[in-house]
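User: Can you walk me through this one? I'd like to start with how the chains meet.

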Amino acid sequence: MIPGVAADFSADTIWVSVVKAVLIVVFLLTSVLFAIWFERKLVARMQLRPGPNWHGPFGLLQSLADAMKLLLKEDVTVTNADRRVYLLAPMISVFCSLLVFAVIPFGPSVTIPFTDFTTPAQLTDFPVAVLYILACASIGVYGIVLGGWSSGSTYPLLGSVRSTAQVISYELAMGLSLVSVFIMAGSMSTSSIVESQTSLWWFIPLAPAFVIFLISMVGETNRLPFDLPEAEGELVGGYMTEYSSMKFAWFFLAEYIAMLNVSAVATTLFLGGWRAPWPLSLVGDGVLNTGWWPLLWFLAKVWLLMFLFVWVRGTLLRLRYDQFMVFGWKVLIPFALAWVVILGVFQWAGLAGVTQTQMIVGILVALAVVMAVLWLWPEKKPTGAEATTDGEGGFDAFAGGYPVPPVPGQTLPPSPRARRTVPPAEDAETRTATAVDDEETR
Amino acid sequence: MTVSGGETVLFWVLAPLMVLAASGLLVVRRAVHAAVCVVFVMISLAVLYVAQEAPFLGVVQVVVYTGAVMMLFLFVLMLVGVDAADSLTETIRGQRWVGLLLGLGLASVLGGVIARSTFPPPRGLAETGGVTNPVALARVVMEHYVVAMEVVGILLVTAAVAGLVLTHRRRLGAKPTQRALAEAKIAALPTGRHLSPLPAPGVYAQNNAMDTPALDHTGRPLEHSVPRVLRIRGQQREAAELLTAEETLVHRELDVPDDPVPSVGPDSSEGETR
């Protein structure tokens, strides 16, 4: 029994751990194959296309065929590449992404069928498991950075530099949103956090932190609308431009496993982990929270978040890089910091013996003060630059010597041709001639 | 408290590798390779911390030092120069010998201290009261050393603000709005600027590279579809050259000059999902 951890691993021998580790790797690899199919099919449906439907039932074997193709393709190493680092980078990426699921609880203690052996449905857990997940993510970035650098080419380098900046800044917001869960759950071990969500899942009381986590997890995994490190229109393929064959496949694999990772973390920390959703959790005095049932709820929640990923990708456009960084540093991080401070104040008040009604009154008073300040705040006067472009100075059709359309607020002067009847459209070549004729005859 | 067999194996596997990586730091020529060596040492150190029942320290070592500080170093290394290998010329005379002597002195002092020190027998976490790692640490920091921690925090914040102030430059004019930028673009139209982005370089049957110009709707090559740097260096290729090279392979129907757009085959670009 590890101190500070809810799950009991005392019955696990080394062989049990090895079997669990192998099962996790198999689960992740098959999930990635399924996720690629899932994403392509779903995006296709959103764009009114059928999507992959040729290989296997519903096109399910399409990603298997793609994987085989990648395996058998020629492995190109560009001349300028730094060979050792070039090979090392995709390995780091995949290795680090595989590590995260070691501390994710798939369920409570389960009994292996046909035996009496009982073990937690989780490889391991320790008192700082969630920090370990953050550590794995931060080492995983090295794969991207070194891959971009070692390619010896401009676009991959730019992609990797962008990726570093992006992951570091969004990891801050992500870490801050996780802090609120630590405060409420009083632990950083994943099984204890799931244990603490018995009555209420954290995404309800900690809704702001959940929203921050959802946004920063998209930034962290380099997915649309935040996929700037590999923006096709700007950087060809970003850090993986020069990679081909199996090395490319590793990066690809790492990216999809990273999606599964953050979905599983969000499930564990905010969505109750393996716990059954509300009406079902009441069935038969919580029978659906025991045995192998929790595996079903866990997978359902993870794939719900994967659906969210695909939905966001199918809906939103890529941000501009500066807007993206401004959003991360000037909106997400201050917001997350303020939320942690507010939560800390409430925890302190709770410890100091303030009752719930007093807290609610305090919130209402604070809200009233904020509203009053906003109400009485002097309105910002328009600056000189804005005033001149408001279209009050009349419309100059040849501003700057080139025909321009009216901007909002300007109106076109009445057309000189408005009084005349427009002749019916004739052949394109003769129309100009007749127009000139009309001009002469009138 | 005895050291378990697994921990012994872990130590004797990791320690030589760490020493190798640390000495690699002195030997390798490229700055990024040195950074990779340091990262390896840091992560191995974190693994050893975890093995010694200090998981919090180990994980923080990775998150803070490997994930943030070292990443920042790497960031700077990559931006300063992709190929910046140090030159071995001495800038100060006798610098190398002095450095070697000082290094030996430091090694002898450290070696003497370590050789003369005696360690108390190790006690496991279970014997020290059984409080878990982050909780016990939090008690020490927030109860006994809370003033010291706050002072360090204030110092760090001051340093960060100072960094911001020193690198801050005041903007000379107002920040151009999107409308101002758009108007400037329209105003620059008569001088030959384009509203749309520049056309992409050409894609031909046998060639798809930055240095070949695209063709416009009349079939003439577009000069500005090739990046400016390549044009200044004189590294661009002629479209005509490519087209004649392709003609020797493929019999083109030259009697239909009105239709320069080749017929496009079935869309085969749906290979990757990205």
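Analyst: Sure. This is a predicted model. In it, 30 residues of chain A are in contact with 30 residues of chain B.

User: Which elements of chain A give two or more residues to the side that touches chain B?

Analyst: Helices H1 (14-46), H4 (129-150) and H5 (154-185) of chain A.

User: And which gives the most?

Analyst: H4(A), with 10 residues.

User: How do the residues on that side of chain A divide into nonpolar, polar and charged?

Analyst: The side of chain A that touches chain B has 22 nonpolar, 6 polar and 2 charged residues.

User: Pick a residue there. What is Ala135(A) in contact with, leaving aside its neighbours within four places in sequence?

Analyst: Four residues of chain B: Val59(B), Val62(B), Val63(B) and Gly67(B). Ala135(A) also turns up in the largest nonpolar core.

User: How many residues are in that largest nonpolar core, and which touch the most other members?

Analyst: The core has 116 residues. Those touching the most other members are Leu131(A), Tyr132(A), Ile133(A), Ala135(A), Tyr256(A), Ala266(A) and Phe270(A).

User: Switching to H11 of chain A. How many residues, and what reach?

Analyst: H11(A) covers residues 293-315, which is 23 residues. From first C-alpha to last it reaches 33 Å. That is close to the 33 Å expected at 1.5 Å a residue.

User: Which of the residues in H11(A) are buried?

Analyst: Pro294(A), Trp297(A), Phe298(A), Lys301(A), Val302(A), Leu305(A), Met306(A), Phe309(A), Val310(A) and Arg313(A). Note that Lys301(A) and Arg313(A) are on that buried list.

User: What covers them?

Analyst: The cover over the buried residues of H11(A) includes H1 and H9 (245-269) of chain A.

User: Now chain B. How many helices and strands?

Analyst: Chain B has 9 helices and 0 strands.

User: How much of chain B is buried?

Analyst: 12% of its 274 residues count as buried. As for contacts within chain B between residues at least 6 apart in sequence, 48% join residues at least 24 apart.

User: Where does UniProt put "transmembrane region" in chain B?

Analyst: The unreviewed entry annotates residues 6-27, 34-51, 63-85, 97-115 and 145-166 of chain B.

User: What do residues 97-115 of chain B look like in the model?

Analyst: That span is 100% helix and 0% strand, with its end C-alpha atoms 26 Å apart.

User: And residues 145-166 of chain B: what helix content, and how far apart are the ends?

Analyst: Residues 145-166 of chain B are 95% helix and 0% strand. Their end C-alpha atoms are 31 Å apart.

Definitions and conventions:
Residues are numbered from 1 along each chain as its sequence is written. Chains are lettered from A and ligands numbered from 1 in the order in which they are written. This is a predicted model: local features need pLDDT of at least 70, side-chain atom pairs count only at pLDDT 80 or more; totals for chains, interfaces and linings use all residues. A nonpolar core is a set of buried Ala, Val, Leu, Ile, Met, Phe, Trp, Tyr and Cys residues joined through C-beta atoms within 7 Å. A residue is buried if 20 or more other C-beta atoms lie within 10 Å of its own, exposed if 12 or fewer, and partly exposed in between; C-beta atoms are placed from the backbone. Two residues are in contact if their C-beta atoms, placed from the backbone, lie within 7 Å. UniProt positions are given in the numbering used here, feature names are shortened, and annotations may be inferred rather than shown by experiment. Helices (H or I, at least four residues) and strands (E, at least two) are DSSP runs, numbered from the N terminus. Ala, Val, Leu, Ile, Met, Phe, Trp, Tyr, Cys and Pro count as nonpolar, Asp, Glu, Lys and Arg as charged, and the others, Gly among them, as polar. The expected span of a helix is 1.5 Å times one less than its number of residues.
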